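Grab a coffee and work through these exercises with the model open beside you. Try each task before reading the solution below it.

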Amino acid sequence: MTRGSGEPDVFGISTLRFGRQRIPRALMALSLTLILATVLTACTPSSQAVGDTWHPSTVDHDGVDRSDIMVALVGSPSKPTDAGANEEDGRILASLKGQRMDGYYSQAASFGDQQAGVEDAVNREVDLILVHAPAQGDWTPSLAKARKAGIPVAVMPERGAAWEDGPDGIYYAATLSMDTGTGKGTPVLLADALQNIIDDGPHTRTIRVTLGQAGE
């Protein structure tokens, strides 16, 4: 066959002719793949969580407009009849909406459901994943997918509880607490805390938040 015509040669590789130089299309595709892989890897910090890489020398930049943000709320593991847990999830969503931040709810009845909710959020390419009342189990596999995708994760344990069996800190940017106990700093609005994490702003590993609603 005529070489340089874009048809397969004797090796089955389609080629293009530029003067006297032929460049296999397969080689071009491989180069593009390597470039994309390098870009994706650069989005993942080596030893810190996504959304928790700020340091004093960080260059200030414009953050994401709040109206463009989408947060995935992975709900607390509960049965549909468990009004208390479902109500708490609903109040979190209402708080985000009241603070002009879009969010969608991934209801969970078990640890497996929560894992599936995280993976679905990764596929949707959300801006942040908020896990409410994480169940006991190995969170590393699902949170590693979020980390690889460059999506920050925040965790909100049940009131009065601590995520003592959680994965390594590189997999989530911060723990959010609605407890009223002392020693956790001045509370900030939930949406403000999440916005700061998305923008990779300075914050502590444990952030005391408020939903901005009566009876919280």
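**Exercise 1. Work out how much of the chain's contact network is long-range, and how far to trust the model.**

Start with the contacts: among those between residues at least 6 apart in sequence, 63% join residues at least 24 apart. Next, the overall makeup: the chain has five helices and 10 strands, and 40% of its 216 residues are buried. The accessible surface is about 12100 Å², with 55% of that belonging to carbon and sulfur atoms.

Now for trust. This is a predicted model, with an average pLDDT of 76 and 60% of the residues scoring at least 70. Over residues 7-23 the pLDDT drops below 50, though this stretch still has 34 contacts in the model beyond near neighbours in sequence. Residues 29-42 are also below 50, and here the model shows one such contact. Where pLDDT is low, the predicted coordinates should not be read in detail.

**Exercise 2. Trace the seven-stranded sheet and find its edges.**

Step one is the order: S5-S4-S6-S7-S8-S10-S9, an open sheet with parallel pairing. Step two is the edges: S5 (102-108) and S9 (188-189) each pair on one side only. Step three, zoom in on the S9 end. S9 pairs with S10 (residues 206-210) in the parallel sense, over two bridges. In one of the strands' contacts to check by eye, Leu-189 has Thr-210 of S10 as its bridge partner.

**Exercise 3. Decide whether helix H5 is enclosed or open to solvent.**

Use the cut-off for buried, under 20% relative accessible area. Going along H5 (residues 190-198), the residues that pass are Leu-190, Ala-191, Ala-193, Leu-194, Gln-195, Ile-197 and Ile-198. That's seven of the nine, so the helix is largely enclosed by the rest of the structure. Just after H5 comes Asp-200, which has a positive phi, near 60°.

**Exercise 4. Find what H5 is packed into.**

Look at the largest nonpolar core, which has 23 residues; Leu-130, Leu-176, Leu-190 and Leu-194 have the most contacts inside it. S4, H2, S6 (128-132), S7 (153-156), S8 (174-177), H5 and S10 each supply at least two of its residues. H5 gives the largest share, six residues.

For a close-up, pick Leu-176. Beyond four places in sequence, Leu-176 touches residues including Leu-130, Ala-154, Val-155, Leu-190, Leu-194, Ile-207 and Val-209. Apart from this core there is another one, of 18 residues, among them Val-122, Val-126, Trp-139 and Leu-143.

**Exercise 5. Compare the surroundings of Val-71 and Ser-78.**

Take Val-71 to begin with. This residue sits in strand S4 (residues 70-77) and counts as buried because its relative accessibility is 0%. Outside its neighbours within four places, Val-71 contacts Leu-96, Met-101, Asp-102, Gly-103, Tyr-104, Leu-128, Leu-130 and Leu-194. Val-71 also lies 9.7 Å from Ala-191, C-alpha to C-alpha, although 120 residues separate the two along the chain.

Then move on to Ser-78, in the loop between S4 and H2 (83-98). Ser-78 has 4% relative accessibility, so this loop residue is buried too. Its C-alpha is 8.4 Å from that of Gln-107, which is 29 residues away in sequence.

Technical notes:
Residues are numbered from 1 along each chain as its sequence is written. This is a predicted model: local features need pLDDT of at least 70, side-chain atom pairs count only at pLDDT 80 or more; totals for chains, interfaces and linings use all residues. Side-chain values use heavy atoms; hydrogens and water are left out. Buried means under 20% relative accessible area, exposed over 50%, partly exposed in between (1.4 Å probe, protein chains only). Helices (H or I, at least four residues) and strands (E, at least two) are DSSP runs, numbered from the N terminus. Contact means heavy atoms within 4.5 Å. Accessible areas come from the Shrake-Rupley method with a 1.4 Å probe; for residues, only the protein chains shown count as cover. Two strands pair if DSSP finds at least two bridges between them. pLDDT is the predictor's confidence in each residue, from 0 to 100. A nonpolar core is a set of buried Ala, Val, Leu, Ile, Met, Phe, Trp, Tyr and Cys residues joined through side-chain atoms within 4.5 Å.
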